[in-house]
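Good morning, colleagues. I shall take one structure today, starting with its pocket and moving outward to the fold and a few individual residues.

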Amino acid sequence: MPEPATPSASATPAAPDPPAPEAPALPPGLTARAVDTPDLTQTDAALGLPGNGNSYCGPVAVSNSLMWLAANGYPLLAPDGETPREQQVELVRLISSQKYMATGPRSGTGPMGLMHGLDRYVRRAGYVVTRLEYEGWRQHPYEFTRHEPHPNLEWIASGLGPRGAAFVHVGWYAPSPHAEAYRRKGGHWLSVVAAGKDEAGSDAPDVLVLHDPAPYQDGGPKSVFARARRIEGGWMLDGKAAFPAKGYYELTGGMALKEAGEVAIIDGAVVLELAPPS
């Protein structure tokens, strides 16, 4: 019987597989979602919006999250374009139009227009909306209400699942020098990209991480760590209306204010969730 062949002494052993590259470390307090979500500025010249985009925070904030969803299982949410940026620019123009949110060059986008437009756009893209909800005191579509005038932080964070998105609508309020009261001067939409961690990565249930489309955001686009301080007394004033401020949240910390001396209070919030893509 022939002896088994022995390997040649000159044979070169196979080189080991190179180690898999490590994923880059995330900044403290941020998730991959927060890092990957766009942060478009509403006055970006490429948008070519009426009034230089000063009243277009709503569709721009929504476009940030829709582009993230488009890159994570829902590609039809992004319109045609050579690059993701071109797609997002076209998306803002589309959803701000009369066909969807009907954003006004001076009046902006209220919860009514934003929610009806968002619902219509997502469904026309071919996806199923399983949850579109509103908490807050501003006028909004009855079919989407949670009958809760005070936005809840845990509920806002619940929109940050792999098939969801969340947005906050803050009011700009001028504190009264003579009484514990806040008079509303305007409003602003922001994308929520993470929640529950502070800049150091420590647990912080009162922190919302936001992408702010405002041009006055100090330092330009970035993830903003805003701390929610629960208001325990006083009044909120809007026109001739007055109602207790207790239970609402003022956003402090990294939250940029439109005018010095103003207070940012969460008037309302929107949570969106889609069915799994087929």
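Please keep in mind throughout that this is a predicted model. I begin with the largest pocket, which holds about 510 Å³ of space. Its lining consists of 27 residues, and those nearest the centre are Cys57, Ser107, Gly108, Gly187 and His188.

Which secondary-structure elements each supply at least two residues of that lining? They are helix H4, residues 111-124, strand E2, residues 164-175, and strand E3, residues 181-197. Of the contributors, E3 gives the most, with 6 residues. As to chemical class, the lining of the largest pocket comprises 8 nonpolar, 12 polar and 7 charged residues.

Let me turn next to Thr109. This residue sits in the loop that runs between helix H3, residues 84-95, and H4. Is Thr109 buried or exposed? Its relative accessible area is 8%, and because the cut-off for a buried residue is under 20%, Thr109 counts as buried. Setting aside residues up to four places away in sequence, Thr109 touches Ser55, Gly58, Pro59, Met101, Thr103, Leu114 and Trp189. With one of these residues, Thr103, there is also a polar contact from side chain to side chain, at 2.7 Å.

From that loop we may step back to H3 itself. The helix has 12 residues and reaches 16 Å from its first C-alpha to its last, close to the 16 Å expected at 1.5 Å a residue. Its buried residues are Gln87, Gln88, Val89, Leu91, Val92 and Ile95. What covers them includes helix H2, residues 57-70, together with H4. H4 therefore appears twice in this account, since H4 supplies at least two residues of the pocket lining and also belongs to the cover over the buried residues of H3.

Now the overall architecture. The protein has 5 helices and 9 strands, and along the sequence they follow the pattern α-α-α-α-β-α-β-β-β-β-β-β-β-β. The C-alpha trace spans about 105 × 40 × 35 Å along its principal axes. Of the 278 residues, 50% count as buried. Among contacts between residues at least 6 apart in sequence, 62% join residues at least 24 apart.

Two further residues deserve a few words, and Thr31 comes before the other. It is found in the segment before helix H1, residues 32-36. With a relative accessible area of 37%, Thr31 is partly exposed. Beyond its neighbours within four places in sequence, Thr31 is in contact with Leu26, Val193 and Ala194. Thr31 and Leu272 are 241 residues apart in sequence, while their C-alpha atoms are 19 Å apart in space.

The other residue is Gly254. Where is Gly254 placed? It lies in the loop between strand E8, residues 249-253, and strand E9, residues 263-274. Gly254 has a relative accessible area of 34% and is therefore partly exposed, as that value falls between the 20% and 50% limits. Not counting residues up to four places away in sequence, Gly254 touches Gln217, Val224, Phe225 and Ala226. From C-alpha to C-alpha, Gly254 and Ala226 are 5.1 Å apart in space, with their positions 28 residues apart in sequence.

That brings me to the end of my remarks, and I thank you for your attention.

Conventions
Residues are numbered from 1 along each chain as its sequence is written. This is a predicted model: local features need pLDDT of at least 70, side-chain atom pairs count only at pLDDT 80 or more; totals for chains, interfaces and linings use all residues. Side-chain values use heavy atoms; hydrogens and water are left out. On a 1 Å grid over the protein atoms alone, a cavity is a set of points where a 1.4 Å probe fits but cannot get out, and a pocket is an open set with protein on both sides within 12 Å along at least five of seven lines; lining residues have an atom within 4 Å of a point. Grid points are joined across faces, edges and corners, and a volume is the space filled by probe spheres set on the points. Helices (H or I, at least four residues) and strands (E, at least two) are DSSP runs, numbered from the N terminus. Ala, Val, Leu, Ile, Met, Phe, Trp, Tyr, Cys and Pro count as nonpolar, Asp, Glu, Lys and Arg as charged, and the others, Gly among them, as polar. Buried means under 20% relative accessible area, exposed over 50%, partly exposed in between (1.4 Å probe, protein chains only). A polar contact is a pair of N or O atoms within 3.5 Å; within protein, one must be able to donate a hydrogen and the other to accept it, and residues adjacent in sequence count only if both atoms are side-chain atoms. Contact means heavy atoms within 4.5 Å. The expected span of a helix is 1.5 Å times one less than its number of residues.
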